[in-house]
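I opened this entry to look up how the helices pack against one another. Notes follow in the order I took them.

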Amino acid sequence: MSGHRSPEVWIEAAWQELAAPDAGRRDGCLEVVGDILETGRLSQDDAERAVERLVVVALSDESHALRESALHAICTATTPYALPYRVVEPLAAGVDGFEPLLLADVLAVLGCTDDRAVLPVVEQFLRHPPPEVRREAADAVSELRRLRESPGEGTD
């Protein structure tokens, strides 16, 4: 990302390139979106719209690499932005469709929502066979339970 274009212009250009037939170019577009989200320079509304589009890619793209890139971009957005559960809720609904390698990222995203409504979804993976999935589920559950004990935080 060089030049004097705004993050909104860069992200819109990346979305247009996402329609490219070349998987490598599409993956590069997702990296650009993730880089922009990581800067925290988008408005909250623009960031939420970007994450919603990334969720669609993570759920629907047949390429493992593209699904992984979309999830990685969503994970980078959880640091500068507070993502409401409604934005990533389709990930919770489709959680059973993710292979273990990607499932850990999905659980990390869900745990960052600060919404206790996601707790039952995450808790079901505490006994999942791969240890990395169990670890991520345990981290997410700990974070969500911490919120339950902190009055005034999270949503009901």
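I began with helix α4 (residues 64-77) and α6, which pack with their axes 10 Å apart at an angle of about 20 degrees. Angles under 35 degrees count as roughly parallel, so I entered α4 as roughly parallel to α6. I noted the crossing of α4 and α6 as left-handed. All of this is read from a predicted model.

I then listed the residues that meet. On the α4 side I found His64, Arg67, Glu68, Leu71, Ile74 and Cys75, and on the α6 side Leu101, Leu102, Asp105, Val106 and Val109. By class, I put the residues of this α4 and α6 contact down as seven nonpolar, one polar and three charged.

Next entry: the other helix I checked against α6. How do the axes of α5 and α6 cross? I have helix α5 (residues 85-93) and helix α6 (residues 100-111) coming within 10 Å, with their axes crossing at roughly 150 degrees. The cut-off for roughly antiparallel is over 145 degrees, so α5 is roughly antiparallel to α6. I recorded that α5 passes α6 in a left-handed crossing.

For this contact I wrote down Tyr85, Val88, Leu91 and Ala92 from α5, and Val106, Val109 and Leu110 from α6. I sorted the residues of the α5 and α6 contact into seven nonpolar, with no polar and no charged. Going back to my α4 list, I see Val106 and Val109 of α6 there too.

I moved on to α4 and its contact with α2. Helix α2 (residues 23-39) and α4 have axes that come within 8 Å and cross at roughly 5 degrees. With that angle, α2 is roughly parallel to α4. From α2 I listed Ala23, Arg26, Asp27, Leu30, Gly34, Leu37 and Glu38. Opposite them, from α4, I listed Ala65, Leu66, Ser69, Ala70, Ala73, Thr76 and Ala77. My tally for the α2 and α4 contact is eight nonpolar, three polar and three charged.

I then stepped back to the whole chain. I counted eight helices and zero strands. The radius of gyration is 16 Å, close to the 15 Å that the globule rule gives for 156 residues, so I entered the chain as being as compact as a globular protein of that length. Along the principal axes, I have the C-alpha atoms filling a box of roughly 45 × 35 × 20 Å.

Last, I looked up confidence. The chain averages a pLDDT of 89, and 91% of the residues score at least 70. Where is confidence lowest, and where is it highest? I found it lowest in helix α1 (residues 7-17), at a mean of 87, and highest in α5, at 96.

Conventions
Residues numbered from 1 in each chain as written. Predicted model: local features only at pLDDT ≥ 70, side-chain atom pairs only at ≥ 80, totals over all residues. Heavy atoms only, no water. Axes fitted to C-alpha atoms, helices over the stretch in contact; angles between N-to-C directions. Helix = DSSP H or I, 4+ residues; strand = E, 2+ residues; numbered from the N terminus. Parallel < 35°, antiparallel > 145°, perpendicular 65-115°, else oblique. Left-handed = near helix turned anticlockwise from the far one by under 90°. Contact = heavy atoms within 4.5 Å. Nonpolar A, V, L, I, M, F, W, Y, C, P; charged D, E, K, R; others polar. pLDDT = per-residue confidence, 0-100. Rg over C-alpha atoms; globule rule 2.2 N^0.38 Å.
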